[in-house]
Amino acid sequence: MTIYAVRSCRSPYYRELDFDVMDIINSKPKDLHMDDILEAGQRNTAMAEWWTRPDVVFQRGNEPIPDISVWIDSTLLLSPKAYRFLFDMLKDYGEFLPILVESEEYFLFNCLTFCEEDPAYTNGEYQDDQLIVLTQLRFADSAEKSTLFKSSMEQGLTPYCNNYFKDAVEAFELKGLFFDENLIEQY
């Protein structure tokens, strides 16, 4: 089974939310540190217990509105249609955070699942024993059983998926994502 990096589509580009992570920080509980939000993907910060549904809009523009897209790091934005089709598939891998977008209830899917990397095929550049950047990433075979997940070595910056998720997004004709076999983004 192939593992894919899940990325927002670039051709065409889709509109993005006019919603900043600082909006979440401003509504977080006082006992939660700001870094728990800024580094939520890496720290695996669950938010559903204190989340209050914000009212946001898409950025202005002529680009189409996505059914599903990557919002920040390993968080996905799901339209009502995408939520309806993918809820059962994703519910065991994270939490759904409701947001009101132009009078429709969308959801941010906060991925809370890490899968194990294969150390024989995962490498990076280090400085003083601290990983600076991953240059090669491969997951252990056990990752193939997970629908959507992230990598702790990649600091939770990217959602990854198996064929099951990719095939479902394509079968339901959900627009806004592409599935990259290059697990490390190429620039």
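These legends describe close-up views of a predicted model.

**View 1. The largest nonpolar core and its best-connected members.** This core holds 23 residues. Val6, Ile68, Leu86, Phe109 and Phe165 touch the most other members. Seen by element, at least two residues each come from strands S1 (4-8), S3 (68-70), S4 (75-78), S6 (104-111) and S11 (177-180), and from helices H4 (80-90) and H5 (163-171). Helix H4 gives the most, with four residues.

**View 2. Leucine 86 and its contacts.** Leaving aside residues up to four places away in sequence, leucine 86 touches Ile68, Leu78, Phe165, Ala168, Val169, Phe172 and Leu174. A second, separate core has 20 residues, including Ala40, Trp50, Phe58 and Leu97.

**View 3. Tryptophan 50 in its loop.** The loop runs between helix H3 (40-43) and strand S2 (55-56). Tryptophan 50 counts as buried because its relative accessibility is 17%, under the 20% cut-off. Beyond residues up to four places away in sequence, tryptophan 50 touches Ile24, Ser27, Lys28, Pro29, Leu32 and Ile37. Lysine 28 is 22 residues away along the chain, with 7.1 Å between its C-alpha atom and that of tryptophan 50.

**View 4. Aspartate 118, a buried charge without a salt bridge.** Aspartate 118 sits in the loop between S6 and strand S7 (123-127). Its nearest side chain of opposite charge is arginine 138, 4.3 Å away. That distance misses the salt-bridge cut-off, which is within 4 Å. Aspartate 118 still touches Arg138, along with Phe139 and Ala140, not counting residues up to four places away in sequence.

Notes
Residues are numbered from 1 along each chain as its sequence is written. This is a predicted model: local features need pLDDT of at least 70, side-chain atom pairs count only at pLDDT 80 or more; totals for chains, interfaces and linings use all residues. Side-chain values use heavy atoms; hydrogens and water are left out. Buried means under 20% relative accessible area, exposed over 50%, partly exposed in between (1.4 Å probe, protein chains only). Contact means heavy atoms within 4.5 Å. A nonpolar core is a set of buried Ala, Val, Leu, Ile, Met, Phe, Trp, Tyr and Cys residues joined through side-chain atoms within 4.5 Å. Lys and Arg count as positive and Asp and Glu as negative; His and the chain ends are not counted.
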